[in-house]
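Subject: Structure for your review

Dear colleague,

I am handing over the structure we spoke of, and below it you will find an account of what came out of the analysis. Please read the text with the structure open beside it.

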Amino acid sequence: MKRLKIAIQKSGRLQEGSLKMLQECGIRVDNGRDQLRAQASNFPVDFLYLRNSDIPQYVEDGVADIGIIGENVLIEKQKKLDKILPLGFSKCRLSIAVPKNTDYPSVQFLQGKKIATSYPNSLQQFLDQEGIKAEIHVISGSVEIAPNIGLADAICDLVSSGSTLFKNGLEEKDLILQSEAWMVARPNLSPTLQAIFDKIVFRLKSVLAAKNNKYLLMNAPNESLKRIIEVLPGIKSPTIMPLAQEGWSSIHTVINEDKFWDIIEELKAQGAQGMLVIPIQKMII
Ligand code: ATP
């Protein structure tokens, strides 16, 4: 039987999230610490453990059929891959940073300056858009030390919490792009491989929807029901069940993480009581 080859990072910031997400899709995976290739025992998928920066090339060449990579790498490498689904983890941004207290009134500061980065294509595109000519120094790692050792006036690097910049006396100034992990695929998978991939995408969507939503139960006096139902989004409409106590009902619904606190406050104001919030494991819509 044909098997779909999925490339995931061998070690690094994307690996844990990638393996966890596939496990949540019911695909049994080995962590790949000591191997380059492994088979899922319960699904027609083979894992190729590769460097994040090499994954776009391997998928484009057809060595792997699909892959999980940082969007920033996909943009930098400019490969012709299908972007299928953002996965909601490994969120970061590519930014310009300069030593603290530098007089940086605008991006024009970079005119004629030296900038160190591991992302020359993304940086060049940004500089072109801004009409800036600067000297780009490509370094493969530890970009944040470049200003301190006199190699560059600024850096262009990935930032998540900003603590690495802070420790190195740098300040973030301009945002170039935002990134998260993405599921990508090479175009034109064979029908057999596409069918396996469709199953994975269906499962991923269910896992992602579950992460973004919560199951909510609450009690309310019957006279508040109409106002409460107006506040609730839910999948279709909420479930209402009578309580043993006369004049009261139990309301069950699903609410989105983004609007969670706004809705809770509104429900409280409308008379809801005893609210219980429960995580959802999978959500099949
Ligand atoms: P590899 O050696 O496998 O090519 P890498 O050099 O890209 O990996 P990692 O540091 O493991 O190194 O980063 C993998 C990806 O994780 C990045 O491309 C980016 O998408 C994401 N990421 C999230 N937060 C950060 C961060 N603070 N710094 C760097 N990368 C981050």
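Which residue stands opposite Trp182 in strand 11? The residue that stands opposite Trp182 is Pro86, and I come back to the strands around this pair below. Please keep in mind throughout that this is a predicted model.

Domains

The protein is divided into domain 1, which takes in residues 4-89 and 180-210, domain 2, which covers 92-179, and domain 3, which covers 213-279. The centres of domain 1 and domain 2, taken over C-alpha atoms, are separated by 30 Å, and eight residues of domain 1 are in contact with ten residues of domain 2.

The six-stranded sheet

Six strands make up an open sheet in the order 2-3-1-4-11-5, and the pairing in it is mixed. At its edges are strand 2 (37-39) and strand 5 (82-86), each of which pairs on one side only, and the twist from one strand to the next averages 25°. Strand 5 and strand 11 (residues 181-185) run antiparallel and are joined by four bridges, with Pro86 standing opposite Trp182.

Two helices lie across strands of this sheet. Helix 1 (residues 15-24) lies across strand 1 (4-9), strand 3 (45-50) and strand 4 (66-70), and runs at about 145° to strand 1. Helix 6 (residues 191-211) lies across strand 1, strand 3, strand 4, strand 5 and strand 11, and its course is at about 30° to strand 5.

The five-stranded sheet

A further open sheet is formed by five strands in the order 8-7-9-6-10, again with mixed pairing. Its edge strands, each pairing on one side only, are strand 8 (135-138) and strand 10 (170-179), and neighbouring strands are turned against each other by 25° on average, direction ignored. Strand 6 (residues 92-99) runs antiparallel to strand 10 and is joined to it by eight bridges; within this pairing, Ser95 has Leu175 of strand 10 as its bridge partner. Helix 4 (residues 120-130) packs on the sheet, where it touches strand 6, strand 7 (114-117), strand 8, strand 9 and strand 10, and its direction makes about 100° with that of strand 10.

The largest pocket

For your purposes the pocket may be the part to look at with care. The largest pocket has a volume of about 1,100 Å³, and of the 35 residues that line it, those closest to its centre are Arg13, Asn72, Tyr119, Asp157 and Leu158. The elements that give two or more residues to this lining are helix 3 (71-77), strand 9 (154-159) and helix 5 (163-167), and helix 3 gives the most, with four residues. By class, the lining has eleven nonpolar, 17 polar and seven charged residues.

Why does the largest pocket lie between domain 1 and domain 2? It is placed there because domain 1 (4-89 + 180-210) and domain 2 (92-179) both give residues to its lining.

With kind regards

Conventions
Residues are numbered from 1 along each chain as its sequence is written. This is a predicted model: local features need pLDDT of at least 70, side-chain atom pairs count only at pLDDT 80 or more; totals for chains, interfaces and linings use all residues. Side-chain values use heavy atoms; hydrogens and water are left out. On a 1 Å grid over the protein atoms alone, a cavity is a set of points where a 1.4 Å probe fits but cannot get out, and a pocket is an open set with protein on both sides within 12 Å along at least five of seven lines; lining residues have an atom within 4 Å of a point. Grid points are joined across faces, edges and corners, and a volume is the space filled by probe spheres set on the points. Ala, Val, Leu, Ile, Met, Phe, Trp, Tyr, Cys and Pro count as nonpolar, Asp, Glu, Lys and Arg as charged, and the others, Gly among them, as polar. Domain bounds come from an automatic or database domain assignment. Two strands pair if DSSP finds at least two bridges between them. Axes are lines fitted to C-alpha atoms, for helices over the stretch in contact, and angles run from 0 to 180 degrees between N-to-C directions. Contact means heavy atoms within 4.5 Å.
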